[in-house]
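This report is meant for a reader who is meeting the structure for the first time. Please keep the sequence and the model in view while reading.

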Amino acid sequence: MIFAANFKTNHTRASTRTYLKVLSEKLSAKRTGDRVMVFPPATALDSYKGSFTIGAQNAYPAQNGAFTGEIGVEQLEEFGIKSILIGHSERREYMKEDQETVAAKYSFFMEQGFEIVYCIGEPLEVREAGEKAVADYLLAQFEGIDTAYEKLIVAYEPVWAIGTGRSATVEEISSTHAVLKQHVKRPLLYGGSVKPANIREIISIDGVDGVLVGSASLDVESFSEMILS
Ligand SMILES: O=C[C@H](O)COP(=O)(O)O
């Protein structure tokens with residue numbers, strides 16, 4: 001099982017250091033075979049020691065160069081970071097990353113040998129249009145994406161469940177993951193209001209290989225509780 005924390009625009013360098021120190025102490029009790037990944041904000045990236053993987057929430061698809069405000073591979077290599085989130089719905093929405101942009105970023109970091117957590121998810125109006133509409137929407141988000149890449153992890157995050165406190169139902173997760181598993185033979189995470197109260201139910205669903213957690217991962221006790229539950 002993969003437990004991934006996406007801090008988004010939360011935590012500082014100091015609070016991330018404290019968080020990871022506490023997390024590292026707790027993870028000695030985790031089940032063998034579970035993986036823990038933490039995606040802190042860029043200012044908190046560093047080469048931390050612990051039984052977790054540190055990943056970047058984003059990076060510009062270049063080794064380095066004249067890309068004001070961006071970080072590239074050079075800045076990630078300094079800390080030995082080789083995992084990255086790509087396609088998160090918040091970047092598609094707020095940073096206007098369209099499918100072409102997302103696919104180009106994916107191809108670049110795939111060529112660099114990065115482990116990629118590739119995020120997909122439908123808006124509420126698509127969910128309300130029915131399961132076929134959801135399947136069509138999600139499969140279109142694999143346009144330009146090499147789903148055979150051995151370092152690919154997919155995260156299914158229905159947009160309407162992100163940050164709302166209302167996760168998708170067991171039936172919605174089960175049926176959607178079943179469709180995705182027909183097309184992608186890689187680990188498949190669920191994200192969208194995962195928290196200690198629903199984690200057991202969600203990771204017990206067939207086709208769920210882990211979770212990508214936002215809000216409920218910001219507190220190390222909460223994230224640890226989900227991992228160790
Ligand atoms: O990357 C994490 C997802 O956006 C889920 O966020 P959330 O747990 O706050 O709903």
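The paragraphs below take up the sheet, the helices packed on it, the ligand site and two loop residues, in that order.

The model is a predicted one, and a convenient place to begin is its open sheet of 8 strands, in which the pairing is parallel and the order runs β3-β2-β1-β8-β7-β6-β5-β4. The edges are formed by β3 (53-54) and β4 (83-86), each of which pairs on one side only. Within the sheet, strand β5 (residues 115-120) runs parallel to strand β6 (residues 152-156), and 5 bridges join the two. Looking at individual positions, one finds Cys 119 opposite Ala 155, a residue of β6.

Two helices can be placed with respect to these strands. Helix α7, made up of residues 170-183, lies across β5, β6 and β7 (188-190), and its direction is at about 155° to β7. Helix α9, which covers residues 220-228, also packs on the sheet, where it touches β1 (2-6), β2 (35-39) and β8 (210-213) and makes an angle of about 165° with the direction of β1.

Which residues are the closest to the ligand? They are Lys 8, Glu 157, Gly 163, Ser 193 and Ser 215, out of 13 residues that surround the ligand. Sorted by class, this shell consists of 4 nonpolar, 7 polar and 2 charged residues. The table lists side chains with a polar atom placed close to a ligand oxygen atom.

| Residue | Distance from its polar side-chain atom to a ligand oxygen atom |
|---|---|
| Asn 6 | 3.0 Å |
| His 88 | 2.9 Å |
| Glu 157 | 3.2 Å |

The ligand taken alone exposes 300 Å², and the protein buries 99% of that area.

Backbone angles single out two lysines for attention. Most residues other than glycine have a negative phi. Lys 8, however, has a positive phi, near 55°, and this residue, found in the loop between β1 and α1 (13-26), is also listed among the closest to the ligand. Lys 96, likewise not a glycine, has a positive phi of about 60°, and its place is in the loop between α3 (89-94) and α4 (99-111).

Note on methods. Residues are numbered from 1 along each chain as its sequence is written. This is a predicted model: local features need pLDDT of at least 70, side-chain atom pairs count only at pLDDT 80 or more; totals for chains, interfaces and linings use all residues. Side-chain values use heavy atoms; hydrogens and water are left out. A residue is near a molecule or strand if one of its heavy atoms lies within 4 Å of it. A polar contact is a pair of N or O atoms within 3.5 Å; within protein, one must be able to donate a hydrogen and the other to accept it, and residues adjacent in sequence count only if both atoms are side-chain atoms. Accessible areas come from the Shrake-Rupley method with a 1.4 Å probe; for residues, only the protein chains shown count as cover. Ala, Val, Leu, Ile, Met, Phe, Trp, Tyr, Cys and Pro count as nonpolar, Asp, Glu, Lys and Arg as charged, and the others, Gly among them, as polar. Two strands pair if DSSP finds at least two bridges between them. Helices (H or I, at least four residues) and strands (E, at least two) are DSSP runs, numbered from the N terminus. Contact means heavy atoms within 4.5 Å. Axes are lines fitted to C-alpha atoms, for helices over the stretch in contact, and angles run from 0 to 180 degrees between N-to-C directions.
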